[in-house]
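Okay, thanks for having me. Let's pull up the structure and talk about charged side chains.

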Amino acid sequence: MSFDRSLKIAPSILSADFANFGAECEAIEAEGADWVHVDVMDGHFVPNITFGPATCAAIRPHIKGIMDVHLMIAPVDPYIEAFAEAGSDFITAHVEAGPHIHRTLQAIRAAGVKAGVALNPGTPASAVEYLLDMVDMVCVMTVNPGFGGQKFIHSQIDKVRQLRAMIGDRPVHIEIDGGVDPTTAPLVAKAGADVLVAGSAVFRGGSVTNTAPYGANIKAIRDAVLTTTV
Ligand code: DX5
Ligand code: ZN
């Protein structure tokens, strides 16, 4: 997996049909998704519960490309091995999830997985300053984590700009998570993001038996970025 800053759309299966995850993963990839974003929530770090490593392992054979696992859980460390064994390509942990994010990121890489660090909307860019040489991705939450379909928080665009400058030439992706649609995607792409997570904006209007809307929705986000000058 070589590093590049080209635009990548990562649909979040949080907005998929929970009874059909395998087919949904296949459908979004067939319809143009670059990565598959997997939102793990524990009802403790965030006020919602989704699923754990067993579900990640079950969907893995249905994903040809990147499985991007976003852990909204605390603690993180006891579960890293299980998510690595489930076949994660990226494991992202929150800087707010505990006092030892540095150790957590070391453990993710030691497990042979690319490491991401996520920041909640209230956390400044400086929180990751001393972590940039040990991560493969910084995820900027543009909603408060826990639910799909929330409104994009515009103040985060400036944070993306700051992070892009801090990252410089390092091979570190900037991922945006929350409220991404064809109107907000160009704003964050222009600020320096290259991975755009989108849940509701990708899955709306479609289903496992009618997947064409997924493709149209992914294309609308991609085209908005590629054609908008902001
Ligand atoms: C929020 C999750 C997001 C979410 C995005 O806690 O981390 O990945 O699914 O959903 P939308 O795109 O609907 O805001
Ligand atoms: Zn997410």
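So, a warm-up: does R109 count as buried, partly exposed or exposed? Partly exposed, with a relative accessibility of 36%. Keep in mind this is a predicted model.

Now, who does R109 pair with? The partner is D136, in a salt bridge whose closest N and O atoms are 3.1 Å apart. That pair links distant parts of the chain: R109 sits in helix 4, residues 101-110, and D136 in the loop between strand 5 (114-119) and strand 6 (137-141), 27 residues apart. Unlike R109, at 36%, D136 counts as buried, because its relative accessibility is 12% and the cut-off for buried is under 20%.

That loop between strand 5 and strand 6 also holds D133. Here the salt bridge is with R170, and the closest N and O atoms are 2.7 Å apart. R170 lies in the loop between helix 5 (156-167) and strand 7 (173-177), so this pair ties together parts that are 37 residues apart in sequence. As for accessibility, R170 is partly exposed at 26%, while D133 is exposed at 64%.

Next up, D194 and K8. Their side chains meet in a salt bridge, 3.2 Å from N to O. K8 is in strand 1, residues 8-11, D194 is in the loop between helix 6 (185-191) and strand 8 (195-198), and they're 186 residues apart. Both ends are buried: D194 has 2% relative accessibility, and K8 has 7%. There's a network here too, since salt bridges with shared partners join D4, K8 and D194.

And the total? The structure holds eight salt bridges, including the ones I just walked through.

Definitions and conventions:
Residues are numbered from 1 along each chain as its sequence is written. Chains are lettered from A and ligands numbered from 1 in the order in which they are written. This is a predicted model: local features need pLDDT of at least 70, side-chain atom pairs count only at pLDDT 80 or more; totals for chains, interfaces and linings use all residues. Side-chain values use heavy atoms; hydrogens and water are left out. A salt bridge is a side-chain nitrogen of Lys or Arg within 4 Å of a carboxyl oxygen of Asp or Glu. Helices (H or I, at least four residues) and strands (E, at least two) are DSSP runs, numbered from the N terminus. Buried means under 20% relative accessible area, exposed over 50%, partly exposed in between (1.4 Å probe, protein chains only).
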